[in-house]
Amino acid sequence: MALCLCYAAFVELNHGHYEMYARARLGDAVLAAKVVASVLRRTEADWERALRDDPAAFTWRALCEAVTVACTLAPAAPSDRLHRAMPDQAADAALLHDFLGLEPAAAAALMGLDESAVHVQLKAAHRWRGGLGEAGGA
């Protein structure tokens with residue numbers, strides 16, 4: 001019972017941000033909702049394993065994998081330019097902070113990282129985007 005409550009609280013806290021992220025990358029709200037639902041079902045099925053790791057990091061990895069695969073179903077999604085232009089963690093940090101408006105601490109919690117790691121990834125993303133003349137925008 002406690003595991004179910006813990007999982008439910010985790011979903012309540014993160015579901016909206018997961019959908020925003022998936023929608024921003026895929027450019028398709030329906031596909032994003034399906035991807036997030038699938039990832040959350042997978043997380044629920046492996047919840048005890050997620051707890052041994054870090055539920056946020058565990059789910060974030062699954063979400064990123066699923067969104068990347070789903071991008072093949074929506075290949076023209078212009079919103080995924082960041083991920084085609086720079087390393088994934090830097091692109092994720094930039095998307096969450098610069099384009100979706102999450103504070104670095106909130107982005108870190110969502111990604112299962114320390115806030116300092118998100119700051120490092122944001123600096124890397126800004127360097128990449130500067131080198132691209134900002135063409136790598138979301």
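These are my notebook entries on the helices of one protein and on a few residues within them.

**Entry 1. The whole chain**

I began by noting that the model is predicted. I then looked up the secondary structure, and I recorded eight helices and zero strands. Written along the sequence, the pattern is α-α-α-α-α-α-α-α. I next looked up burial for the chain of 138 residues, and I found that buried residues make up 43% of them. I also asked about contacts between residues at least 6 apart in sequence. Of these contacts, 68% join residues at least 24 apart.

**Entry 2. Helices α2 and α4**

I reminded myself that two packed helices are described by the angle between their axes and the distance between the axes. I applied this to helix α2, residues 29-45, and helix α4, residues 55-70. Their axes are 9 Å apart, and the packing angle is about 140 degrees. The two helices are therefore oblique to each other. I noted the crossing of α2 past α4 as right-handed.

I then listed the residues that form this contact. From α2 they are L31, V35, V36, V39, L40, R42 and T43. From α4 they are F58, T59, A62, L63, E65, A66, V67 and A70. I sorted the residues of this contact by class and obtained 11 nonpolar, two polar and two charged.

**Entry 3. L63 in α4**

I chose L63, which has its place in helix α4. Is L63 buried or exposed? I found a relative accessible area of 1%; because buried means under 20%, L63 is buried. I then looked up what L63 touches, not counting residues up to four places away in sequence. The partners are Y18, Y21, V35, V36 and V39. For the pair L63 and V35, I recorded a separation of 28 residues in sequence and a C-alpha to C-alpha distance of 7.7 Å.

**Entry 4. A70 in α4**

I turned to A70, which also lies in helix α4. Its relative accessibility is 4%, and A70 counts as buried. With residues up to four places away in sequence not counted, A70 touches L26, L31 and V35. A70 and V35 are 35 residues apart in sequence, yet their C-alpha atoms are 7.5 Å apart in space. I noted that V35 appears among the partners of L63 and among those of A70.

**Entry 5. Helices α4 and α7**

I next looked up how α4 meets α7. Their axes come within 6 Å and cross at roughly 80 degrees. The helices α4 and α7 are therefore roughly perpendicular to each other. Which residues make this contact? I listed A56, A57 and W60 of α4, together with A109, L110 and M111 of α7. By class, I counted six nonpolar, no polar and no charged residues in the contact of α4 with α7.

**Entry 6. Helices α6 and α7**

I then examined helix α6, residues 88-99, against helix α7, residues 104-111. The axes come within 9 Å and cross at roughly 130 degrees. That angle makes α6 oblique to α7. The crossing of α6 past α7 is right-handed. On the α6 side, the contact is made by Q89, D92, A93, L96 and H97. On the α7 side, it is made by P104, A107, L110 and M111. I recorded six nonpolar, two polar and one charged residues for the contact of α6 with α7. L110 and M111 of α7 are thus listed in the contact with α6 and in the contact with α4.

I also looked up burial within α6. The buried residues there include A90, A91, D92, A93, A94, L95 and L96. Just after α6, I found G101 with a positive phi of about 80 degrees.

**Entry 7. H83 in α5**

My last residue was H83, found in helix α5, residues 81-85. H83 is buried, with a relative accessible area of 10%. With which side chain does the side chain of H83 make a polar contact? I found that the partner is the side chain of D92, at 2.4 Å. D92 is itself one of the buried residues of α6, and D92 also takes part in the contact of α6 with α7.

I finished with the wider surroundings of H83, leaving aside its neighbours within four places in sequence. H83 is in contact with Y21, R25, D88, A91, D92 and L95. Y21, listed here for H83, is also a contact of L63.

Note on methods:
Residues numbered from 1 in each chain as written. Predicted model: local features only at pLDDT ≥ 70, side-chain atom pairs only at ≥ 80, totals over all residues. Heavy atoms only, no water. Helix = DSSP H or I, 4+ residues; strand = E, 2+ residues; numbered from the N terminus. Buried < 20%, exposed > 50% of the residue type's maximum accessible area, 1.4 Å probe, protein only. Polar contact = N/O pair within 3.5 Å; in protein donor to acceptor, adjacent residues only side chain to side chain. Contact = heavy atoms within 4.5 Å. Axes fitted to C-alpha atoms, helices over the stretch in contact; angles between N-to-C directions. Parallel < 35°, antiparallel > 145°, perpendicular 65-115°, else oblique. Left-handed = near helix turned anticlockwise from the far one by under 90°. Nonpolar A, V, L, I, M, F, W, Y, C, P; charged D, E, K, R; others polar.
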